[in-house]
Amino acid sequence: MTPMGTPASFRRDLRVTSETKNLSVVRDFVSECATRSALPRTEMNKVILAVDEAVSNIMRHGYRGGPGEIELVVEADPKRIAITILDSGTKFDPDRVQDPDMGEHIRQGRKSGLGIFLMRQIMDEVSYSFREGVRNQLRLVKYLGPGGAEA
Amino acid sequence: MPKFQITTQKVGNNVTLVNVQGFLDAHTFEEMETTITGLFNEKQFRLVVDLSKVDYISSAGAGVFIGAIGTAQENRGSIILMKPTANVKEVFDLLGLSQLFQFADDVDSAIKIFQ
């Protein structure tokens, strides 16, 4: 049993099929994990959003609206919450996407391409890895100390 | 999960109030997009979107308004966002959209923005 006042260290995972109706399942799962972790309440909605954006991108671009499976692994300890998202869709490296010019987005009527920007805004680390024949792996980390990444 | 619902009503001065309820995400944004496209087809370009019952929005949801506001403005209208919840407003802030959209606290003040 975790002593009073000490945030739990834990690992949990979830598998969902690549269907947008499952986004609410993903959000509920991350919400439960975030509540159990030491993540401040003020950051919770943002971390849920970052994961939603990552999973939405996989559903839309990785699996292109087709069938597929997405696995989420949440690892939390007193210093960080890390969410690893695994899929077998088309590889997609977020590092290759530049931050948007929002004024230009509006002028051009562009509706997409904002998810990665949000992930970078919210999380302290966004890292991607891909190996041929193996799954895509996107890792999102939020540090829990007052200094964020410097904690 | 709250059911996603959209209703529209004319509120005067050629303004249409769009009431939205539920989660506006990659699962529901197309319904929002279809509603706005339908209003544009009816030459309704002055839209007030009541976000007070939207518990959650992702970039897919915000993208509907980003994609549509230009068309509204080109036709002497706009999209005014009314009473976003704190969670929703935070997403607009993160996207840098709070300076690019106008917000209103109630229908009357939203209508006045169009005058």
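This is a conversation about helix α2 of chain A, its helix neighbours, and the spaces it lines in a predicted model.

Colleague: How should the names and values be read?

Modeller: Residues are numbered from 1 along each chain as its sequence is written, while chains are lettered from A and ligands numbered from 1 in the order in which they are written. Since this is a predicted model, local features need pLDDT of at least 70 and side-chain atom pairs count only at pLDDT 80 or more, whereas totals for chains, interfaces and linings use all residues, and side-chain values use heavy atoms, with hydrogens and water left out.

Colleague: What makes residues 41-62 of chain A a helix called α2?

Modeller: Helices are DSSP runs of H or I with at least four residues, strands are runs of E with at least two, and both are numbered from the N terminus; residues 41-62 of chain A therefore bear the name α2, and residues 23-36 the name α1.

Colleague: How do you know at what angle α1(A) and α2(A) cross?

Modeller: The axes are lines fitted to C-alpha atoms, for helices over the stretch in contact, and the angle runs from 0 to 180 degrees between N-to-C directions. On that scale α1(A) and α2(A) cross at roughly 145°, and their axes come within 9 Å.

Colleague: Why is the crossing of α1(A) and α2(A) called right-handed?

Modeller: A crossing is left-handed if the near helix is turned anticlockwise from the far one by less than a right angle, and right-handed if clockwise; the crossing of α1(A) and α2(A) is right-handed, so the turn here is the clockwise one. Among the residues that make this contact (heavy atoms within 4.5 Å) are L23(A), V26(A) and V30(A) of α1(A), along with M44(A), V51(A) and M59(A) of α2(A).

Colleague: What makes a residue in that contact of α1(A) with α2(A) nonpolar, polar or charged?

Modeller: Ala, Val, Leu, Ile, Met, Phe, Trp, Tyr, Cys and Pro count as nonpolar, Asp, Glu, Lys and Arg as charged, and the others, Gly among them, as polar. By that division the contact of α1(A) with α2(A) has 10 nonpolar, 3 polar and 3 charged residues.

Colleague: Is the crossing of α2(A) and α4(A) left-handed or right-handed?

Modeller: The crossing of α2(A) and α4(A) is left-handed, with an angle of about 150° and axes 9 Å apart. The residues that meet include A50(A), A54(A) and N57(A) in α2(A) and I116(A), M119(A) and I122(A) in α4(A), and the contact divides into 8 nonpolar, 2 polar and 2 charged residues.

Colleague: Which residues of α2(A) meet α3(B)?

Modeller: T42(A), N45(A), K46(A) and L49(A) in α2(A) meet N87(B), E90(B), V91(B) and L94(B) in α3(B). These two helices pack at about 65° with their axes 11 Å apart, and their crossing is right-handed.

Colleague: How do you know how much area chain B and chain A bury between them?

Modeller: Buried area is the accessible area, taken with a 1.4 Å probe, that two parts lose on being put together, summed over both; chain B and chain A bury about 2,100 Å² in this sense, 63% of it on carbon and sulfur atoms. In chain B, Y56(B), I66(B) and L94(B) lose the most area to chain A, together 29% of what that side buries.

Colleague: Why is one space called a cavity and another a pocket?

Modeller: On a 1 Å grid over the protein atoms alone, a cavity is a set of points where a 1.4 Å probe fits but cannot get out, whereas a pocket is an open set with protein on both sides within 12 Å along at least five of seven lines; lining residues have an atom within 4 Å of a point. The structure holds 1 cavity of 30 Å³ or more, so there is one such space from which the probe cannot get out.

Colleague: What does α2(A) give to the lining of the largest cavity?

Modeller: α2(A) gives the most, with 5 residues, to a lining of 16 residues in which N57(A), I58(A), F92(A), Y128(A) and L138(A) lie nearest the centre. The cavity has a volume of about 170 Å³, where volume is the space filled by probe spheres set on grid points joined across faces, edges and corners.

Colleague: Which elements line the largest pocket?

Modeller: α2 and α4 of chain A and α1 (29-41) and α2 (59-74) of chain B each supply at least two residues, and α2(A) gives the most, with 6. This largest pocket has a volume of about 280 Å³.
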